[in-house]
2 protein chains.
Amino acid sequence: MSSSNEPTMTIPTYKDVEIAHERIKPYIHETPVLTSRFLNELTGAELFFKCENLQKAAAFKVRGACNAVFGLSEEKAKIGVATHSSGNHALSLSYAAGQRGIPVTVVMPRTAPQAKKDAVIGYGGKIIECEPSTSSREAVFADVVAESGADFVHPYNDPRVIAGQATCSKELVSQVENLDIVIAPIGGGGMISGTCLTLSNIAPDVKIYAAEPLNADDAARSLKAGHIIADDAPNTVADGLKVPLKDLTWHFVKNHVTDILTATEDEIVDAMKLIWKRMKIVVEPSSAVPLATILKNPEVFKGKRVGVIITGGNVDLDKLPWMNK
Amino acid sequence: MSSSNEPTMTIPTYKDVEIAHERIKPYIHETPVLTSRFLNELTGAELFFKCENLQKAAAFKVRGACNAVFGLSEEKAKIGVATHSSGNHALSLSYAAGQRGIPVTVVMPRTAPQAKKDAVIGYGGKIIECEPSTSSREAVFADVVAESGADFVHPYNDPRVIAGQATCSKELVSQVENLDIVIAPIGGGGMISGTCLTLSNIAPDVKIYAAEPLNADDAARSLKAGHIIADDAPNTVADGLKVPLKDLTWHFVKNHVTDILTATEDEIVDAMKLIWKRMKIVVEPSSAVPLATILKNPEVFKGKRVGVIITGGNVDLDKLPWMNK
């Protein structure tokens with residue numbers, strides 16, 4: 001019995017990140033880092049955008065999903081994998097399972113973007129729909145796992161997934177020297193945890209910021225409160241960031257994140273459009289939250305060399321958020 | 001007196017391309033080549049997209065504009081440069097002139113996308129508007145040059161410009177080995193001429209195809225007829241491809257282009273949306289014409305390694321063409 005209030009958990013190490021990187025390299029891209037003189041002048045910072053929207057399946061989550069899938073024993077792999085996800089983890093796990101040729105079932109909110117559902121099906125995944133709330137998602141999913149016996153690959157609260165996501169910052173620090181800050185969006189905290197895991201080991205002077213929609217600011221409130229605060233079904237255009245922290249991601253956030261900055265819905269949409277317009281890349285709303293917070297808090301970033309993680313590019317081109325404004 | 005029916009013209013050589021590349025390197029990006037497994041499977045070809053939408057000013061035309069501007073003598077540079085353009089050459093010349101700190105005046109059709117006009121002004125260019133026809137554009141422009149004495153940098157019928165555009169294929173063949181085909185959009189023919197100039201010298205086995213909107217198929221008809229056919233004011237969503245061939249670009253087209261393939265407006269818009277959706281990059285309609293023709297003529301491209309020049313990414317995000325369908 002543990003005397004801690006935290007449940008027992010396996011915290012991944014940097015060795016796990018190195019193993020993950022070797023394991024997943026054949027299935028992922030080393031994504032490019034793009035810069036924009038216009039955005040540098042606008043923010044007064046030097047921004048280095050790590051473009052995971054150009055990753056396989058257009059999402060960083062392919063890293064963690066591939067690490068989990070390709071780390072399975074032959075026996076476990078045959079039974080397959082399952083998950084619940086607001087979107088990108090679902091299609092990333094489908095991509096990874098497809099690469100290994102094993103079954104995959106995903107529980108998705110019925111309100112998830114059609115583009116993400118189509119991509120899951122395109123990769124050979126099987127979708128089971130739930131209501132758009134954390135409680136419904138977890139209940140429906142429990143049934144799926146009980147019936148199939150599939151290996152549960154949690155979208156973020158899984159050491160294999162965090163070690164996979166951590167390879168993104170590992171690439172970034174090899175591509176850009178002397179970063180002062182790295183900023184990434186925070187939802188469940190998988191990308192931020194991976195960022196913390198890597199940077200605290202190989203670049204401990206780099207400050208880590210997280211960026212969160214004000215409408216789903218449970219992580220920001222958690223950091224202030226000193227314990228996890230979870231909202232059920234927050235509403236934000238950044239559909240990848242609606243899920244709450246869990247014990248493993250909370251461990252990294254509370255120990256390594258300098259601050260969590262928030263942006264309004266309008267600020268997120270404006271920043272998204274600015275990235276499309278000036279950088280000529282398609283990014284989803286979640287990916288624009290860091291730039292929105294940089295524009296809102298220039299004093300934090302001015303004069304700094306800032307790595308900005310662009311987390312994904314899965315967006316419904318027929319329903320662009322600035323069309324509804 | 002020449003006995004030829006063609007006016008006297010200076011045809012650029014590959015040596016000019018090498019000089020151009022050294023001259024412009026500080027002001028341009030070596031743009032990345034992106035691939036898409038999905039699009040490879042869809043077309044049965046191996047497609048290598050040379051992403052000039054990620055170029056400075058989001059257009060390949062920066063190459064030719066920089067070569068012209070940075071090749072000027074000090075005296076000529078002081079007086080400045082001028083041009084007429086359907087958009088990307090205008091903003092590219094404005095970018096180049098801004099880099100050298102010299103005056104630039106551009107004559108643009110009043111119907112040109114607002115995004116392009118904004119970009120010209122953002123780079124410090126002065127805009128004078130004309131009607132959206134070749135005849136109006138040339139008449140208004142003649143007045144501008146007569147008044148200012150500025151050096152006329154034609155958007156494509158200029159050996160300095162063609163030598164500059166030719167650096168794009170020079171990069172491409174250094175980035176991708178053993179190409180069978182290179183395909184690029186054709187409007188006035190500047191990019192295609194540069195492609196012909198480079199490939200005929202350093203990769204003469206590579207076949208060169210041009211892709212043109214059916215609604216503005218004057219180059220395709222010219223190639224069939226054996227002489228330049230020029231339309232005044234064709235109408236197509238591919239706003240960069242409305243202008244006719246001129247003597248210098250016709251020289252390259254008639255001598256080196258295997259075929260000119262055409263696509264309808266719907267096919268262009270569908271291909272554009274497909275690139276955005278699968279490759280997560282913002283490209284303008286003109287850039288999608290090659291993929292549209294590849295999808296329409298699979299027998300030409302099947303099993304081949306095909307370089308596809310993505311020419312630019314300047315598009316009005318508030319007026320996306322699939323929103324009007």
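Let's start in chain B of this predicted model, where β2(B) and strand β10 (residues 305-310) of chain B run parallel and are joined by six bridges. One of the residues to click on here is B:Lys50, whose bridge partner in β10(B) is B:Ile309. B:Lys50 also has a neighbour in another strand: B:Val33 stands opposite B:Lys50 in β2(B). That brings in strand β1 (residues 33-34) of chain B, which runs antiparallel to strand β2 (residues 46-51) of chain B and is joined to it by two bridges.

Now for another sheet in chain B. Four strands make up an open sheet, ordered β5-β4-β3-β6 (chain B), with parallel pairing. Its edges are β5 (126-130) and β6 (151-152) of chain B, each of which pairs on one side only. Zoom in on β5(B) and strand β4 (residues 104-109) of chain B and you'll find five bridges holding the parallel pair. In that pair, B:Pro109 has B:Cys130 of β5(B) as its bridge partner. Helix α5(B) packs on this sheet, where it touches β3 (81-84) and β4 of chain B, and its direction makes about 170° with that of β4(B).

Stay with that helix for a moment, as it has a helical partner too. Two packed helices are described by the angle between their axes and the distance between the axes. Helix α3 (residues 61-70) of chain B packs against helix α5 (residues 88-100) of chain B at an angle of about 40°, and the axes are 8 Å apart. That angle makes α3(B) oblique to α5(B), and the crossing is right-handed. On the α3(B) side, the contact residues include B:Ala65, B:Cys66 and B:Val69; on the α5(B) side, B:Ser92, B:Leu93 and B:Ala96 are among them.

Further along the chain sits helix α10 (residues 218-225) of chain B, with B:Asp218, B:Ala219, B:Ala220, B:Ser222 and B:Leu223 buried. What lies over them? The cover for the buried residues of α10(B) includes β8 (207-213), α11 (247-256) and β9 (257-263) of chain B. Right after α10(B) comes B:Gly226, with a positive phi near 85°.

Finally, zoom out to both chains. A turn of 180° with a shift of 0.0 Å along the axis lays chain B on chain A with an RMSD of 0.0 Å. The two copies are therefore related as by a two-fold rotation axis. In chain B, the C-alpha nearest that axis belongs to B:Ile281, 2.1 Å from it. Both copies use the same surface, as 100% of the contact residues of chain B recur in chain A.

Terms used
Residues numbered from 1 in each chain as written. Chains lettered and ligands numbered in written order. Predicted model: local features only at pLDDT ≥ 70, side-chain atom pairs only at ≥ 80, totals over all residues. Least-squares fit on C-alpha atoms with pLDDT ≥ 70 in both. Contact = placed C-beta atoms within 7 Å. Buried ≥ 20, exposed ≤ 12 C-beta atoms within 10 Å, placed from the backbone. Pairing = 2+ DSSP bridges. Axes fitted to C-alpha atoms, helices over the stretch in contact; angles between N-to-C directions. Parallel < 35°, antiparallel > 145°, perpendicular 65-115°, else oblique. Left-handed = near helix turned anticlockwise from the far one by under 90°.
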